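Visitor: I'd like a close look at a single part of this model, please. Could you walk me through what surrounds it as well?

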Amino acid sequence: MGNIVMFIIIAAVIVCSALLCVTTTRIMRAATYMLFVLFGVAGIYFLLDYTFLGAAQIAIYAGGVTMIYVFAIQLVSKRTLQGMVERIKTSRLIGGGLAALAGLLVVCFILFKTSFVLNEGVADVEVPMSEIGTALVGSEKYQYVLPFEFISLFLLACIIGGLVVARKEEKEA
């Protein structure tokens with residue numbers, strides 16, 4: 001019973017923080033709310049007794065949010081950080097809402113087509129942590145070391161691109 005109550009509390013924190021993250025107009029607040037979402041996901045990992053994944057969630061992703069703070073300060077103008085920018089146009093808001101609705105419909109269609117929801121989607125077999133770790137860092141078929149390497153290269157390219165953009169603005173000013 002305690003696990004269910006904790007899950008409900010953590011899920012509520014995640015949902016509220018995620019909604020605040022996407023609805024705020026200030027970039028620093030959005031990054032802070034995203035940090036709460038990531039801590040909530042780590043809390044769910046700890047609740048499931050996946051302590052390694054919870055610790056990795058905090059160390060890697062919370063560190064990533066710290067990097068977002070740094071880049072937000074460097075790349076965004078002082079006026080934007082103070083919240084003195086114009087509001088989002090109604091046409092963009094409607095377009096974003098329609099895109100979100102289309103995404104929700106696709107997810108619901110896939111869930112019902114695969115009968116994940118109807119079969120409750122819960123397996124009776126618990127997967128050991130060693131098997132999860134092997135799948136994440138293995139290089140065989142259906143293992144994920146190659147996608148992780150591609151993601152790390154992509155993130156490195158994003159960091160370098162952010163630095164280049166910051167340098168160009170600095171030279172122009």
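Guide: Let's start with the cysteines, keeping in mind that this is a predicted model. Cys-16 has a relative accessibility of 46%, so it counts as partly exposed, since that class lies between 20% and 50%. Cys-108 falls in the partly exposed class too, because its relative accessible area is 30%. As for disulfides, a search of the whole structure finds 0.

Now to the pocket, which makes a good part to look at closely. The largest pocket has a volume of about 800 Å³. Its lining is made up of 22 residues, and those closest to the centre are Ile-60, Tyr-61, Gly-64, Ile-151 and Leu-155. In character, the lining divides into 19 nonpolar residues, 3 polar ones and no charged ones. At least two lining residues come from each of helix 2 (27-47), helix 3 (51-75), helix 6 (129-137) and helix 7 (145-172). Helix 3 gives the largest share, with 11 residues.

Staying with helix 3, have a look at Gln-57, which is placed in that helix. Gln-57 counts as buried because its relative accessibility is 7%, under the 20% limit. What does its side chain find there? A polar atom of the Gln-57 side chain lies 3.3 Å from the backbone oxygen of Leu-38. Leu-38 also appears among the contacts of Gln-57 beyond four places in sequence, together with Val-41, Ala-42, Tyr-45 and Ala-62.

Terms used: Residues are numbered from 1 along each chain as its sequence is written. This is a predicted model: local features need pLDDT of at least 70, side-chain atom pairs count only at pLDDT 80 or more; totals for chains, interfaces and linings use all residues. Side-chain values use heavy atoms; hydrogens and water are left out. On a 1 Å grid over the protein atoms alone, a cavity is a set of points where a 1.4 Å probe fits but cannot get out, and a pocket is an open set with protein on both sides within 12 Å along at least five of seven lines; lining residues have an atom within 4 Å of a point. Grid points are joined across faces, edges and corners, and a volume is the space filled by probe spheres set on the points. Helices (H or I, at least four residues) and strands (E, at least two) are DSSP runs, numbered from the N terminus. Ala, Val, Leu, Ile, Met, Phe, Trp, Tyr, Cys and Pro count as nonpolar, Asp, Glu, Lys and Arg as charged, and the others, Gly among them, as polar. A disulfide is a pair of cysteine sulfur atoms within 2.5 Å. Buried means under 20% relative accessible area, exposed over 50%, partly exposed in between (1.4 Å probe, protein chains only). A polar contact is a pair of N or O atoms within 3.5 Å; within protein, one must be able to donate a hydrogen and the other to accept it, and residues adjacent in sequence count only if both atoms are side-chain atoms. Contact means heavy atoms within 4.5 Å.
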